[in-house]
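Here are my notes on the model you sent. They cover strand pairing first, then one helix contact and its aromatic pair.

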Amino acid sequence: MKVHPFFHVETGSLTYVVSDSGLAVIIDPVLDYKDGKILSTHIDEVLDFIKKKSLKLRYILDTHIHADHLSATDYVKKQMGGKTVMSKGIHHVFSYWKDKFGLEKLAKFDFLVGDNSRLHFGTKVIEVMETPGHTPACVTYRIDDCIFVGDTLFAPDRGTSRVDFPGGSAETLYQSIMKIYALPDNTNVYLCHDYPPIGISPTSCTPLEWQKKRNVMLNNQVSKDEYVMMRAGRDKVLNEPRLLNIAVPFNLTFKLPT
């Protein structure tokens with residue numbers, strides 16, 4: 001099995017192509033959005049990579065509903081096929097946002113997954129762990145000793161995801177991260193975001209042991225109460241994601257808001 005990261009500089013987002021036995025999955029694909037227009041420059045590079053490697057796309061996996069970029073999930077399916085996968089918690093996310101954005105109908109996904117869901121992929125099995133807290137629809141995908149955690153964890157020096165969106169909860173996120181921390185120390189943690197200085201490569205993967213020992217917000221020395229208080233204080237000073245009012249309705253319906 002091979003894991004290939006693709007970094008979207010404009011949003012600090014990481015997309016992964018995981019390949020095995022001639023098959024591929026894409027995790028958290030990203031569309032470009034500029035001056036009110038949707039572009040596919042970045043995701044087309046990902047699809048070109050899959051074509052050049054003569055891989056067949058099996059699944060398009062989203063770790064959650066993103067608030068900071070437009071998901072390319074629907075675009076990828078139309079261009080290359082593959083089954084779309086999202087947490088069954090998306091119904092809760094939709095209920096929180098539908099009135100704010102005047103949404104009528106949730107987008108259709110081929111598979112809605114939760115704890116203990118399993119997807120067969122080449123010689124591998126993709127195991128699903130529900131890891132809510134950032135949103136009610138966050139999941140972690142585990143393939144062998146690799147996990148794809150979405151926004152749940154960042155690089156150790158950046159901490160964990162925010163919990164101030166509707167349905168978010170620091171207490172719930174703490175429990176989710178403890179579930180992740182129960183995995184073996186040599187587990188490879190693939191991140192959804194990084195924000196390096198210009199010219200510096202992003203951190204896409206860290207050993208789980210590093211997270212347990214070094215994560216600045218939640219490590220082995222931090223109690224639940226300490227984490228909840230720290231997370232609340234941090235969230236109070238964060239700005240709203242720049243594309244939230246475009247990205248959330250689009251990612252729930254695959255249509256730009258009117």
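1. Two strands count as paired if DSSP finds at least two bridges between them. The model is predicted, and the points below should be read with that in mind.

2. Start with strand 6, residues 56–61, and strand 8, residues 83–87. They pair in the parallel sense, over 3 bridges. Which residue of strand 8 is the bridge partner of I60? T84 is.

3. Strand 6 is also joined to strand 3, residues 23–27. The two run parallel, with 5 bridges between them. One bridge pairs I27 with L61 of strand 6.

4. Next, the open sheet of 3 strands. Its order is 5-4-7, and the pairing is antiparallel. Strand 5 (37–39) and strand 7 (70–71) stand at the edges. Each has a single partner strand, so one side of each has no neighbour in the sheet.

5. Within that sheet, take strand 4 (residues 30–34) and strand 5. They pair in the antiparallel sense over 3 bridges. Y33 stands opposite I38 of strand 5.

6. Now the helices. Helix 4 spans residues 170–181 and helix 6 spans residues 224–236. Their axes lie 9 Å apart, and the packing angle is about 125°. How should that angle be classed? Angles of 65 to 115 degrees count as roughly perpendicular and those over 145 as roughly antiparallel. Helix 4 and helix 6 are therefore oblique to each other. Their crossing is right-handed.

7. Which residues make the contact between helix 4 and helix 6? Helix 4 supplies A170, E171, L173, Y174, Q175 and I177. Helix 6 supplies K224, Y227, V228 and R231. By class, the contact residues divide into 6 nonpolar, 1 polar and 3 charged.

8. Last, the aromatic rings. How many aromatic pairs does a search of the whole structure find? The search finds 8. One of them is formed by Y174 and Y227, whose ring centres are 6.3 Å apart. Their planes stand at 40°, so the pair is tilted. For reference, planes under 30 degrees apart count as stacked and those over 60 as edge-to-face.

9. This pair links distant parts of the chain. Y174 is in helix 4 and Y227 is in helix 6, 53 residues apart. Both tyrosines also appear among the residues of the helix 4 and helix 6 contact.

Notes. Residues are numbered from 1 along each chain as its sequence is written. This is a predicted model: local features need pLDDT of at least 70, side-chain atom pairs count only at pLDDT 80 or more; totals for chains, interfaces and linings use all residues. Side-chain values use heavy atoms; hydrogens and water are left out. Axes are lines fitted to C-alpha atoms, for helices over the stretch in contact, and angles run from 0 to 180 degrees between N-to-C directions. Helices (H or I, at least four residues) and strands (E, at least two) are DSSP runs, numbered from the N terminus. Angles under 35 degrees count as roughly parallel, over 145 as roughly antiparallel, 65 to 115 as roughly perpendicular and the rest as oblique. A crossing is left-handed if the near helix is turned anticlockwise from the far one by less than a right angle, and right-handed if clockwise. Contact means heavy atoms within 4.5 Å. Ala, Val, Leu, Ile, Met, Phe, Trp, Tyr, Cys and Pro count as nonpolar, Asp, Glu, Lys and Arg as charged, and the others, Gly among them, as polar. Rings of Phe, Tyr and Trp (its six-membered ring) pair if their centres lie within 6.5 Å; planes under 30 degrees apart count as stacked, over 60 as edge-to-face and the rest as tilted.
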